[in-house]
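Reader: Could you take me on a close look at one part of this complex, one helix and what lies around it? I work at the bench, so please keep it plain and connected.

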Amino acid sequence: MTSPKPMRIEELLELAALDAYGLLDEYEAELYTRSFHHAPVAVQDEILRIQAAIASDQSALPADLPSPELRRRVLDAVARAIEEDARELAPLASIGQRFAINSAHPPAARGPLALSGQFWRAAALIMVGVSIVLAWFGAEARQRADEISRLALQNNTLGQLEVLLDPTFKQYIAKPNCRQHLFTNRAAGTTMLAAVYLDPADGSAFLLVLGAPTGVNYTLRAVMDDGTTESIESFATSTSVVGFRIENKARIMTAVHWEIVDADQRVVLRTA
Amino acid sequence: MSQQDWLLMRRVAAGDEQAVEELYNRFETLVYKVARQLMPTKADADDAVQDIFVRLWRTADRYDPRRAKLVTWVMLIARRHLIDRLRRSAVRPAEMATDTFAGPGRGEPPESGSQHDERNAQLHRRIAELPELQRTVIERAYLQGFTLRQVSEQLDAPLGTVKSALSRGLMRLRERASADWAG
């Protein structure tokens, strides 16, 4: 059975309003979308413009305004839904525990962890956080961000994350004074993503690296406000996900930047 | 703007509550107004708005800026939800004449708030001024939530005719509303 022919441009423009209002039935909506993607870019842009004008037009709508109480109610409802959804994902933590992680520190005990919704939300935020950073580097970086997110959600990496992001890490993200700093790429060809979490209260930190090339040595260092640098910890990568806790570094909490450098002291990643 | 909107929705999809708040701030008025237009009472509209933003979070990862601007996407999700609610509602007469169409009142006492009543009265007047087919199709598809196929069957009219009537009718309503606002 052959697919129906795409709609003519005139039809696309005529039905733009119905499509924007969601008034096309399922079959027609699908045909409309397919036809849209077949249309010239100028026509697509015109349809986007028409539909946005229709969608934002308030002239035929009532003058009522939402109450402040509704705002609180909606935001609470969404927060509850997010929390509930994240709790349902917790059983995934038991998947993929076969893989070893590279770390100078002994891995946390394996086994299913009682991971809270907040943990998974934070893990997801990490992924999106680094995706946001990458997105500023354009479409290629965006594709890379999608790859990293997929990498992170694969069973084996999920198992790695489960071990890395143990209750210790949970404490970081749960504390109100925990600060997250995302790294951006500073060297051509670098595709790693990283974030460092700082707890000024006890001078500890946690470094998380995703998409690391294997078999490479790096050093995490802090750049102080007088321009001097202090090496914090060296690490070698044998898997694409690296994470470890750093203790007793109260002085470097005041660093203006954090950097990850390679064996040649080339700055590969840097925080803003 | 479209890259920023894509980033915003990615953050919403990841459960970033700040991003959800940003989304709400941008679209609360628009979503609320269309909910008030289509729901019988203020309480129903409030419930609908809550459900709509939860749905926006659930579907945020499907947002594609190449296919629609964010306002279009948000309003599409909103209208689809409102139409679903209308369809599930037991209060939907098989036939309605425009002069008896109670709109948000639906047989209940009209909501207090003279502005709301006036705007709805205006909308009904504009709909009443449309050619008969356009008026009927708009009432049934746009305000009562029947599918276009159902309307086509109810009116024993070809589907293409129904679609054209709806499209032209909505365009005329917008033109008249814009002219009234500008005038």
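Author: Happily; here is a walk that starts from one helix of chain B and works outwards to its chain, its partner and the confidence of the model.

Please keep in mind throughout that this is a predicted model.

The helix to look at is α6 of chain B, which covers residues 132-143. Its 12 residues reach 15 Å from the first C-alpha to the last, close to the 16 Å expected at 1.5 Å a residue. Is this helix enclosed by the rest of the structure? What matters here is how many of its residues are buried. Of the 12 residues of α6(B), 10 are buried, so the helix is largely enclosed by the rest of the structure. The buried residues are B:Gln134, B:Arg135, B:Thr136, B:Val137, B:Ile138, B:Glu139, B:Arg140, B:Ala141, B:Tyr142 and B:Leu143. After the helix comes B:Gly145, which has a positive phi, near 85°.Two residues of this helix, B:Ile138 and B:Ala141, also appear in the largest nonpolar core. That core has 69 residues, and the members touching the most others are B:Val31, B:Ala35, B:Val49, B:Val74, B:Ile138, B:Ala141 and B:Leu166. Helix α2 of chain B, residues 17-38, gives the most to this core, with 10 residues. A second, separate core has 28 residues, including A:Phe183, A:Tyr197, A:Leu198 and A:Ala212.

B:Leu166 is a good residue to follow from here. Leaving aside residues up to four places away in sequence, B:Leu166 touches B:Val137, B:Ile138, B:Ala141 and B:Leu148 in chain B, and A:Leu18 and A:Leu23 in chain A. A little further along the sequence, B:Arg168 lies in helix α8 of chain B. B:Arg168 is partly exposed, with 18 other C-beta atoms within 10 Å. The C-alpha atoms of B:Arg168 and B:Ile138 are 9.9 Å apart, although 30 residues separate the two along the chain.

Stepping back to the whole of chain B, there are eight helices and zero strands, which read along the sequence as α-α-α-α-α-α-α-α. Of its 183 residues, 43% are buried. Among contacts in chain B between residues at least 6 apart in sequence, 60% join residues at least 24 apart.

Now for the contact with the partner chain. Chain B puts 56 residues into it, and chain A puts in 45. On the side of chain B that touches chain A, the elements giving two or more residues are α1 (2-13), α2, α3, α4 (70-88), α5, α6, α7 (148-155) and α8 (159-182) of chain B. Our helix α6(B) is therefore one of the elements listed there, while the largest share, 12 residues, comes from α2(B). By type, this side of chain B divides into 26 nonpolar, 13 polar and 17 charged residues.Chain A is built from both kinds of element, with nine helices and eight strands. In chain A, 33% of the 272 residues count as buried. Of the contacts in chain A with a separation of 6 or more, 65% are between residues 24 or more positions apart. Several of its strands can be followed from one to the next. Strand β5 (residues 229-237) of chain A is joined to β4(A) by eight bridges, and the two run antiparallel. A:Val223 stands opposite A:Thr229 in β5(A). The hairpin of β4(A) and β5(A) has five residues between the strands, and A:Gly227 takes a positive phi near 90° there. Strand β4 (residues 216-223) of chain A also pairs with strand β7 (residues 257-262) of chain A, in the antiparallel sense and over six bridges. Within that pairing, A:Arg221 has A:Glu259 of β7(A) as its bridge partner. A:Glu259 in turn has A:Arg270 in β8(A) as a bridge partner. Three bridges join β7(A) to strand β8 (residues 267-271) of chain A, again antiparallel. These two strands form a hairpin with four residues between them, and A:Gln265 in the turn has a positive phi of about 65°.

Finally, a word on confidence. Chain B averages a pLDDT of 80, and 79% of the residues score at least 70. In chain B, confidence is highest in helix α3 (residues 42-59), at a mean of 95, and lowest in helix α5 (residues 114-128), at 70. Over residues 93-113 of chain B, pLDDT stays under 50, and the model has 27 contacts beyond four places in sequence for them. For the complex, the predictor gives an ipTM of 0.72 and a pTM of 0.54.

How values were computed: Residues are numbered from 1 along each chain as its sequence is written. Chains are lettered from A and ligands numbered from 1 in the order in which they are written. This is a predicted model: local features need pLDDT of at least 70, side-chain atom pairs count only at pLDDT 80 or more; totals for chains, interfaces and linings use all residues. pLDDT is the predictor's confidence in each residue, from 0 to 100. Two residues are in contact if their C-beta atoms, placed from the backbone, lie within 7 Å. A residue is buried if 20 or more other C-beta atoms lie within 10 Å of its own, exposed if 12 or fewer, and partly exposed in between; C-beta atoms are placed from the backbone. The expected span of a helix is 1.5 Å times one less than its number of residues. A nonpolar core is a set of buried Ala, Val, Leu, Ile, Met, Phe, Trp, Tyr and Cys residues joined through C-beta atoms within 7 Å. Ala, Val, Leu, Ile, Met, Phe, Trp, Tyr, Cys and Pro count as nonpolar, Asp, Glu, Lys and Arg as charged, and the others, Gly among them, as polar. Two strands pair if DSSP finds at least two bridges between them.
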